[in-house]
Structures are given as structure tokens and as C-alpha cells.
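Visitor: I am new to this structure, and I would rather understand one part of it properly than skim the whole. Could you choose a pair of charged side chains, look at it closely, and then lead me outward from there?

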2 protein chains.
Amino acid sequence: MRGTAERALGVHRVLEPAGVLPQAARRLDPDPAVGPDEVRISVQRLNLDAASFRQLSEACDGDGEAVRAAVLEIVRTRGKMQNPVTGSGGMLIGVVDAVGPESPLGLAVGQRVATLVSLTLTPLRIADGLAHWDGLSEQVPAEGSAILFARSIAAVLPDDLPDAVSLAVLDVCGAPAATARVVERAGATSVVVIGAAGKSGCLSLAAARAAGATELTGLVRTDAEAAALTSAGLADRVVVADATDPLAVAAAVGTPADVTVVCVDVSGAEHGAVLATADGGTVVFFSMATSFPAAALGAEGMAADVTMLVGNGYTPGHAALALDLYRSEPGVRALIDPRVTQ
Amino acid sequence: MRGTAERALGVHRVLEPAGVLPQAARRLDPDPAVGPDEVRISVQRLNLDAASFRQLSEACDGDGEAVRAAVLEIVRTRGKMQNPVTGSGGMLIGVVDAVGPESPLGLAVGQRVATLVSLTLTPLRIADGLAHWDGLSEQVPAEGSAILFARSIAAVLPDDLPDAVSLAVLDVCGAPAATARVVERAGATSVVVIGAAGKSGCLSLAAARAAGATELTGLVRTDAEAAALTSAGLADRVVVADATDPLAVAAAVGTPADVTVVCVDVSGAEHGAVLATADGGTVVFFSMATSFPAAALGAEGMAADVTMLVGNGYTPGHAALALDLYRSEPGVRALIDPRVTQ
């Protein structure tokens, strides 16, 4: 494991503390000189994690200049854009401008790419002082350099879609890929998606359908979301309930499903998801707000024989699958487009 | 779902906040008067969750009196034993002393049972001030009353084993059952158990072997644990590493395994577990100290195509399987017996 494998994870870029992986590091080395297995990206735009941008904006009382200064200071001191309060980062797009001879990523100089690993582990140097950013939006025009390791992921940006659409879709592309895999492996017929009108939710519905599920239920919070989801035609049945009210979720869903996918970014959705799932079924948790003990002990406490998965943001082919679903499903476009700042 | 099904989950015992299930409640009603579908247990002993006991003990600097006072205060204010820091509870044993006419659990007054649902959702009242507990062990002699709902689980204590042994084994019986199921379903050959010398760890090793795995690696923290595990003969290979040091875990494990089972009750074991697992493999997280975001973002950040399971404490047949492994495997007994306060 030592040596090449360590390098592949970027451990050689960790300045402190020693021994941790880049995501857990306080400080990375953003030196733009690429190692033999690294790739350098000429940065064009950062897409800050929503929770991170909100925290910075609130801490600065909405003063864009102050937010910009705060982001610059974080990147300068940490060598990466990881908000020390929220712990989160985001992603970036840019142009490949150097590829080490041993890089296994298959990228070529000149390709426009989005990084699919978090900014929290991506060495980053900002060169333009973020002069073209007003500090008022999470989309940050930027010039600088970022480094990808051997064991990283980047998606070549498609020519046929606006960058903002690609970013929005790629940001959540783990969810539809994992949903498709679970539905296929389990031979699932019925699927419930909790938070079905959002980006990851509507893509997960479309992925479940494509994977062979035939009874799709979309659960949403409001009547407006229900109308939009019904109009999009991605679900066989649309129900309205508060995802954090387990009994309301169970009542709305009715007969429990083979697979339940949790796409709402609120805490407290674990028990409703378990109740929505049949014995022998599977729950896929995609929300970062999921509580591990609440899921584990909740299922045990209800004597619920369900398999519960930690939604892994990476599944091979996830980027292409999500972009294809966006292209091929008008219902997905109808739900995602209004959420994209073009 | 409303009505009988709500009662079955114990919702009528939730005092605050309204609408949540008992496990998510801040406070339960521990009134010993049984409803028509409830069972009351006359408590004899609590078995605190290891992560919870460790947290309490550390917070009290190992002062047993202070730990006892802390547990009493939690039960008094919450109506259940749920550590507010770790979110975890434990289990209990006692004697059935009232059975509602509509209880479906099949229990009879006078039977000695262990509850297999977590203390985090079990209405509990302590009557003796825990006067017979020194606060220095997770096994807590206690007098009081606890309530089981219709949708609960309890195991009648076997006659052939000491109570303390049954309690110790049943406390972790979800781990071997889930390990066996994952190994069987995946047809897994190689299994790594992190924290292999503990109760859930050694039972998981034995369960993996019984389910057909042929390359078992036990990872432990210390040379003393390594010696004990080697002597027990449950693993084909015993390695020593700090579970919270991902590179050390990866180096110790070497070739990644089909299945990795995490049984250490410390935080920070997620990334090492992912690195110990082959692409296409499965990680089963049993530690209540598991961080959901650390697992999800860590796997994504390493482009690790692993399936990650939230260890569900309930699998049908889990109690019988664990007790049978204890009876049939001298190595399991050799590791568990010294941990049991007889």
C-alpha cells in the first residue's frame, strides 16, 4: 500500500497533520508543478457547496467583498477550498493544462472538465484574487490551478449542454447511478423516492425506471412540488408528506416498497424511509444529513429487516448516466432547468 | 398505518417532540402501567452500548460515581437510556411481569428475557438508584421497569448459559447475522474484520467462516489483542494497526478484501475500512461511532466503488445464530468470556 498507492490518494500533498488523507488535512501543498501521476487543471469556475456559501455569506452579513476575502484566505492558508465551519467544499470546472506521464485518468491537455471529487481534497491555488466574483453567488469565476491525483475523478464537459447544466447534473450524479444499480441487483419492482422533485430525486426516479422498476412513487413536501413532479411524468404516483414525519411518510406511501431512495437534505428522514420499505427491501441514503445511529438503531427498534446503504457518491459510469438521463428525459429537464443559474 | 400500527411502534409513549418515533424522542413516558399490546419487564441488568459507556467514562474521568449519576440523570430526564452525545443506548435483561392481552410477542409472565431493541427507544424507569453498580463497567445491575411495544423484539434467555454471557452475546448479535448474510449473498471469499478481538468482531469472524469465507483477516489495535485472537484461531491472519489511521490499515491488510466489517467503537475508522475493501466489495459499518458523511464523502473522494452498509441490528434469526456461534466455537468463548462480568 505504501508508495505508489499513497501517492495515488494524494498523501504526498498533505502538509499537516502528517499521515491523514487529503480530505482530513488542515493544509495541502497546491504547488502547480505536477507529479508523474498528477493532472493540473487551469481553473475557470468554482462551484461552492451550498451549505458552505450560506455559512460564509451569513458570517459576513452578506457583504460580498468580505465573502471573497474569506474564500481567498481559506484557499491561501489551507491550499484547498474547505470551509472550516461546515467542513464542505464544492467542485470546479476548468481546462486540463498538464498531464503527468503516469496519470491513469485518461485526460488530455485542452479538455474542459469538471472535477467529481470534492474541493475539500483538491489542491488549489487562486491567481486572480477572484477579481471577477462579486461574492454574492456560489458560482465563482476564478483563475488558478488545481491538482488531480491518480485516484481522482473528472468528467469531460459535454459540448451539447451549458456548463451550468452539466455542473448541476454532475453535482448529484452518484444518486441515479446507485439507484439504478440497487434496482437492477434486487430486481426491484416498486421504488419510493423521498424528495423526488429535486435534482438527485428526479434523476433517481428516471434511473429507477430505466433500470426496470415499474411502480414508482415520488414523495414531495409541498403541493407545488407535487404539481411539478406530476407534470414531469417521472413517477406513477406522487404523494405529499413531510419526510421527517415517519408516520406521515408511511401513511402517504401505503404499501412499503422494494427500494426507497432518500434525496432530501434534511435530518430526521431515516425512520420514515425505513417504514416506507418492505421487509427484505433496501433503503439508499443520499442525504448528507443522514444520522448513522438514527438509521441503524431505528431499523433495529422497529424490527425492520431492511438493507440500508450509505449513498456512495462514486459508481463507475455515474457521470455519463446522469447526463444521458438529463438529455433523454424531458421530465428531468423540466425539473432541473429552473434550478440552474444559466 | 395510523392507529394500531402507531401504537405498535410505541408512538403513544412519546412525550416530546410530537410525531417522532420513540428512538428519535427526547423524552418517553416510562409509566409502568401496560397498554393492551405492551409487555412490562422487571429489569435486572442493563448492558450499556460500548461507545456510550466509553464516552460517559471519559467525560467523567473514569469516576464511577459520576458515571452512575450521569446514567441516572439521563434515564430520569429522558425516560430511556439514550446517551445524548453518542445517541446510543444498549439493552437489558429482566423478567416478564405483565403482558397485555393483545401483545403479539408470545411472552409469558415469569420468563427471563433480553430485549433486542435498543434502550434508546425503550421506556425505562430505574427504582434502585443503581446502588449495586460501581459505574466502572458497562454491565449495570439495576431494578426498575421497562416497556416493550407490539413491534419489539425480545429473546428468552437460554438455560444453558450464564445471563452475563447471553447478554454480552445478544448485545451484538446483529453483527454476525448481517456479516453472514453479506458473505452469503456476495459469495465472498476474503473478509477483513476491523476490531476483531472484541465481542462483535470475533462473532463476525466466526459467522463469516460459517457462511463460507475462506480468507479471514482480523485487524486489532494491540499486540496483546493479536496474541489473544491468534490463540483463538478464528482468523487466518491477524494484523495490528490503528483503525483510525487509514494508510496503516491499508498497509496492514494488503490485498483489499471482498467484505470488510467494522466493529471498532471509535470514530475515524471509515476511510481505512474503504481502503481495506476491493472495488466491487462491501463495507459493513457496525460501529455506532461511524460518521455518515465521512463514509460517503471518503469513498467518493477515493473513487472507491464499494457498497457501504449501515449495520442493521436486526436480522431474522440473529439471536439464535449468535448464541449458537458462542456455544460451538471455543475461539469465540475464549475471547468473550474474559469480557463478561459473571
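Guide: One definition is needed before we start: a residue is called buried when its relative accessible area is under 20%, exposed when that value is over 50%, and partly exposed in between. Please also keep in mind throughout that this is a predicted model.

The pair I have chosen is Arg327(B) and Asp324(B), whose side chains meet in a salt bridge with a distance of 3.0 Å from N to O. How far apart do Arg327(B) and Asp324(B) sit in helix 11 of chain B? They are three residues apart in that helix, which runs over residues 318-328, and so about one helical turn separates them. Arg327(B) has a relative accessible area of 32%, which lies between the two cut-offs, and therefore it counts as partly exposed. Asp324(B), at 42%, falls in that middle range as well, so it too is partly exposed. Salt bridges can also share partners, and in chain A such sharing joins Glu16(A), Arg26(A) and Arg27(A) into one network.

From this pair we can widen the view, for a search of the whole structure finds 28 salt bridges over all chains. One of them brings together the side chains of Arg7(A) and Asp37(A), at 3.1 Å from N to O. Here Arg7(A) belongs to helix 1 of chain A (residues 4-9), while Asp37(A) lies in the loop between strand 2 (27-28) and strand 3 (39-48), so this salt bridge ties together parts that are 30 residues apart in sequence. The two partners also fall into separate classes of accessibility, since Arg7(A) is partly exposed at 27%, whereas Asp37(A), with a relative accessible area of 7%, is buried.

Back in chain B, Arg221(B) forms a salt bridge with Asp242(B), and the closest N and O atoms are 4.0 Å apart. This pair links distant parts of the chain, with Arg221(B) in the loop between strand 10 (215-220) and helix 7 (223-232), Asp242(B) in the loop between strand 11 (237-240) and helix 8 (246-253), and the two positions 21 residues apart. Arg221(B) is exposed, with a relative accessibility of 54%, and Asp242(B) is partly exposed at 25%. Helix 7 of chain B, which borders the first of these loops, also holds Thr230(B). Thr230(B) counts as exposed at 51% relative accessibility, and its C-alpha atom is 8.9 Å from that of Gly218(B), a residue 12 positions away in sequence.

To see the other side of the picture, we can turn from charged side chains to helix 4 of chain B, which is mostly covered, as seven of its nine residues are buried. Among these buried residues are Ala164(B), Val165(B), Leu167(B) and Leu170(B). Leu170(B), at 3% relative accessibility, is the one to follow, for it leads us back to where we began. Leaving aside residues up to four places away in sequence, Leu170(B) touches seven others, namely Met91(B), Ala114(B), Leu116(B), Ala155(B), Leu157(B), Ala319(B) and Leu323(B). The last two carry numbers that fall within residues 318-328, the span of helix 11 in chain B. Sequence distance and spatial distance should be kept apart here, since Gly187(B) is 17 residues from Leu170(B) along the chain and yet their C-alpha atoms are separated by 26 Å.

Finally, chain A can be viewed as a whole. It has 12 helices and 14 strands, and its C-alpha atoms fill a box of roughly 55 × 45 × 35 Å along the principal axes. A compact globule of 342 residues would have a radius of gyration near 20 Å, and chain A, at 21 Å, agrees with that. Buried residues make up 59% of this chain, one of them being Ser52(A), at 0% relative accessibility. Ser52(A) lies in helix 2 (residues 50-59), and beyond its neighbours in sequence it touches Met81(A), Asn83(A), Thr86(A) and Ser88(A). As for charge, chain A carries 24 positive and 38 negative charges, whose mean positions are 6 Å apart.

How values were computed
Residues are numbered from 1 along each chain as its sequence is written. Chains are lettered from A and ligands numbered from 1 in the order in which they are written. This is a predicted model: local features need pLDDT of at least 70, side-chain atom pairs count only at pLDDT 80 or more; totals for chains, interfaces and linings use all residues. Side-chain values use heavy atoms; hydrogens and water are left out. Helices (H or I, at least four residues) and strands (E, at least two) are DSSP runs, numbered from the N terminus. Buried means under 20% relative accessible area, exposed over 50%, partly exposed in between (1.4 Å probe, protein chains only). The radius of gyration is taken over C-alpha atoms; the globule rule is 2.2 Å times the number of residues to the power 0.38. Lys and Arg count as positive and Asp and Glu as negative; His and the chain ends are not counted. The place of a charge is taken as NZ of Lys, CZ of Arg, CG of Asp or CD of Glu. Contact means heavy atoms within 4.5 Å.
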